[in-house]
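Biologist: I am new to this model. Please pick out one part of it for a close look, and then place that part in the rest of the chain.

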Amino acid sequence: MGDGSSMRFRKLLGVSRAQTSGDAMPVPEKCDRPGLTNRPAGGSGGHHRPGAAHRSPRPTGAPTSPPAGPTLSGWPRNISWSDFQEVGARPAGVNEAAQIKSDVTQPNRVGVVPDNGMRRLAAYTVTVSIGRDQSWVVTDQKSAALLAHEQGHFDITGLSARDLVTDLSALRAATLEGLQSEVTRLIEQQGTLAEALGGTASSVGQYDKETNHGSNRDAQQRWEGILRGCIQNGTRLSASLFRTEDH
Ligand SMILES: [Zn+2]
């Protein structure tokens, strides 16, 4: 059994000067990683959600709840073979039985709102999805074990995105430039982690190395257990979780 994976953490969120309080307009900074495919940002354009401006008025004197920040969509979920295209044979030169392409996408423009003298991101959706056009499985090699291995790839991406949303939601900065800088750093950080663990189109990640693309049964089960724990317990994804205890 073998497979490959690729994923993309889109880096985005350029921030421009605030125009009016609560109505700053970040602008896109398109910066995909080398070796990863590009796709028109925003896609359907359906990811943008109303920001703070759409909150209902509150009675005078009532405490104002903080505006909602980024939220996660599309994960967790169980993947199925319907997320993949079926192929009769592996593409030439590829030594893999399946490949999953998971994406983490965010809108090109998001709002910035004031928060106690600081600035924070307004509400928007971070979406985890599978690029079916670049995900495939060799029909006669479909198995529950292979699907579970691919699920692991998807969960690595999803956990990275979940932790990114947590970080972005907590983010406060005095200036738009500071906010932009931190947003870029956090996206970079989680993208790097996801790639180190899950691999990319051009590099083999720790997950595939240790599980030998899922064929090392013990290692595969170990990874699945750790990933499950991260999902169920909220444990933050980190490379150190997967280090084998050796004393
Ligand atoms: Zn794999």
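Modeller: The part is a helix pair: α1 and α4, the latter spanning residues 217-233, pack with their axes 10 Å apart and at an angle of about 35°. Axes are lines fitted to C-alpha atoms over the stretch in contact, with angles from 0 to 180 degrees between N-to-C directions. Residues are numbered from 1 along each chain as its sequence is written. The model is predicted, so local features need pLDDT of at least 70 and side-chain atom pairs pLDDT 80 or more, while totals for chains, interfaces and linings use all residues.

The crossing of α1 and α4 is left-handed (the near helix is turned anticlockwise from the far one by less than a right angle). From α1, the contact takes Ala-148, His-149, Gly-152, Asp-155, Ile-156 and Leu-159; from α4 come Gln-220, Trp-223, Glu-224, Leu-227, Cys-230 and Ile-231. Contact means C-beta atoms, placed from the backbone, within 7 Å. Of these residues, seven are nonpolar, three polar and two charged, with Gly counted as polar.

α1 also takes part in the largest nonpolar core, a set of 19 residues in which Leu-121, Ala-122, Ala-161, Leu-164 and Leu-168 have the most contacts. Such a core joins buried Ala, Val, Leu, Ile, Met, Phe, Trp, Tyr and Cys residues through C-beta atoms within 7 Å; buried means 20 or more other C-beta atoms within 10 Å. At least two residues of this core come from each of β7, β9 (124-130), α1 (144-170) and α2. The largest share, four residues, is that of α1. Beyond its neighbours within four places in sequence, Leu-121 touches Gly-69, Pro-70, Val-110, Val-112, Leu-168 and Leu-171. Another core lies apart, with eleven residues including Phe-84, Ile-100, Trp-136 and Val-137.

Gly-111 sits in the loop between β6 (98-105) and β7 (112-115). Gly-111 is buried because 22 other C-beta atoms lie within 10 Å. Its C-alpha atom is 9.5 Å from that of Gly-69, although the two are 42 residues apart along the chain.

As for α2, its buried residues include Leu-179, Val-183, Ile-187 and Leu-193. Just after α2, Gly-199 has a positive phi of about 85°.

Overall, the protein chain has four helices and ten strands, and its pattern along the sequence is β-β-β-β-β-β-β-β-β-β-α-α-α-α. Helices (H or I, at least four residues) and strands (E, at least two) are DSSP runs, numbered from the N terminus. Buried residues are 36% of the 247 in the chain.

Methods:
Buried ≥ 20, exposed ≤ 12 C-beta atoms within 10 Å, placed from the backbone. Contact = placed C-beta atoms within 7 Å.
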